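Me: Could you take me through one part of this structure at close range, and then work outwards from there to the surroundings? I'd enjoy a connected account.

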Amino acid sequence: MERIPILKMGRVLLVTIQVDMHDRLAMTLQDDLTERIVQDRAHGVLIDISSLEIVDSFMGRMIANIAGMARVLDAETVVVGMRPAVAITLVELGMTLSGVKTALNMDTAMAMLMASFADKEHFNGGSQG
Amino acid sequence: MVVLKDESAPIRSSIDVMRVRQIVREWAVSLGFSLVDQTKVVTAASELARNTMVYGGGGELRMEALNSDTRRGLRLTFSDQGPGIADMEQAMKDGFSTGAGLGLGLGGAKRLANEFAIDSRPGQGTTVTILRWNKL
């Protein structure tokens, strides 16, 4: 079956969406990611959408769902690299992705995740590995 | 107003919805649409094609490239022979959905187009037409 690859980098899962996704592929990614967060004990998910030429309400909902499920599983999601034309269109469509953290590039996204990991370790008294 | 060319495409699966996005993009590019306008019309087409597939049980898209004295436009007509829409006012509202969607499809597509028309009769299907002009 066709799948979008999920890479693991330390405590972060990295997904780069490089193709236009049909709806079933998007659903599969959502399921795969949720499973991998638990399996790999990930604390962060980075979704690179810089190749995506459009995000419609279905894909937008998928992104919001991933972020929501990840949060419930104690992982932080950052969506990286949305194209300006996509952002303009998405807001006009009526989706603001209000519960989703976004970053313009990977460096910023990684820094955001590292900062949230540091907070978490502080909260756990530094015992978190 | 002159129709420069027209073409039809089937909408039966989510692969077809993806193809609709590709072909509408090609047409928008060939009509000289800006990147933002391309993105808007492709996104609107994606929403409507998915509606045709999910709620209409499949159907087709008819694309027309239009030419007037001062501008060019892309008219997209999505038609199905599905159950039709019982309550149009409700269907156009953001957040209303009889399916699993977000209920942004129709209202969102309307906002992304310059002109929007919908015709639906219970038991006879639904036709949605959008038109997007390019800014010259």
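Reply: Happy to. Asn134(B) sits in the segment that comes after β5 of chain B, in what is a predicted model. Asn134(B) counts as buried because its relative accessibility is 6%, below the 20% cut-off. A polar atom of the Asn134(B) side chain lies 3.0 Å from the backbone oxygen of Leu31(B). Beyond its neighbours within four places in sequence, Asn134(B) touches Leu31(B), Gly32(B) and Phe33(B), and also Arg71(B) and Arg72(B). Leu31(B) therefore appears twice here: as a contact of Asn134(B) and as the owner of that backbone oxygen, 3.0 Å from a polar side-chain atom.

Let's step back along the chain to β5 itself. Strand β5 (125-133) of chain B is one of the elements that supply at least two residues each to the lining of the largest pocket. That pocket has a volume of about 730 Å³. Its lining has 36 residues, and Asn51(B), Tyr55(B), Ser97(B), Thr98(B) and Gly99(B) are the closest to the pocket centre. Both chains take part: α2 (57-72) of chain A contributes at least two residues, as do α2 (35-54), β3 (72-80), α3 (88-91) and α4 (105-112) of chain B. The biggest contribution comes from α2(B), with 7 residues. Sorted by class, the lining has 16 nonpolar, 13 polar and 7 charged residues.

Among those elements, α4(B) is worth a pause. Helix α4(B) is mostly covered, with 6 of its 8 residues buried. The buried ones are Gly105(B), Leu106(B), Gly107(B), Gly108(B), Ala109(B) and Leu112(B). Their cover includes β5 of chain B, the strand we have just met, along with α2, α3 and β4 (115-121) of that chain. Chain A joins in as well, through α3 (84-93).

The second largest pocket also draws on both chains, and it holds about 170 Å³ of space. From chain A, the lining takes Gln18(A), Val19(A), Asp20(A), Ser51(A), Leu52(A), Glu53(A) and Ile54(A). From chain B come Arg21(B), Gln22(B), Arg25(B) and Val42(B). Helix α1 (residues 14-30) of chain B gives the largest share, 3 residues. In this lining, 4 residues are nonpolar, 3 polar and 4 charged.

Now over to chain A for a last look. Strand β4 (residues 76-80) of chain A is mostly covered, with 4 of its 5 residues buried. It runs parallel to β3 (residues 44-48) of chain A, and 5 bridges join the two. Within this arrangement, Gly44(A) stands opposite Glu76(A) of β4(A).

The loops that lead into these two strands each hold a backbone detail. Most residues other than glycine have a negative phi. Arg41(A), however, has a positive phi near 50°, and its place is in the loop between α1 (23-39) and β3 of chain A. Asp74(A) also has a positive phi, about 65°, without being a glycine; this residue lies in the loop between α2 and β4 of chain A. As for accessibility, Arg41(A) counts as exposed because its value is 69%, while Asp74(A), at 41%, counts as partly exposed.

Conventions: Residues are numbered from 1 along each chain as its sequence is written. Chains are lettered from A and ligands numbered from 1 in the order in which they are written. This is a predicted model: local features need pLDDT of at least 70, side-chain atom pairs count only at pLDDT 80 or more; totals for chains, interfaces and linings use all residues. Side-chain values use heavy atoms; hydrogens and water are left out. On a 1 Å grid over the protein atoms alone, a cavity is a set of points where a 1.4 Å probe fits but cannot get out, and a pocket is an open set with protein on both sides within 12 Å along at least five of seven lines; lining residues have an atom within 4 Å of a point. Grid points are joined across faces, edges and corners, and a volume is the space filled by probe spheres set on the points. Ala, Val, Leu, Ile, Met, Phe, Trp, Tyr, Cys and Pro count as nonpolar, Asp, Glu, Lys and Arg as charged, and the others, Gly among them, as polar. Buried means under 20% relative accessible area, exposed over 50%, partly exposed in between (1.4 Å probe, protein chains only). Contact means heavy atoms within 4.5 Å. A polar contact is a pair of N or O atoms within 3.5 Å; within protein, one must be able to donate a hydrogen and the other to accept it, and residues adjacent in sequence count only if both atoms are side-chain atoms. Two strands pair if DSSP finds at least two bridges between them.
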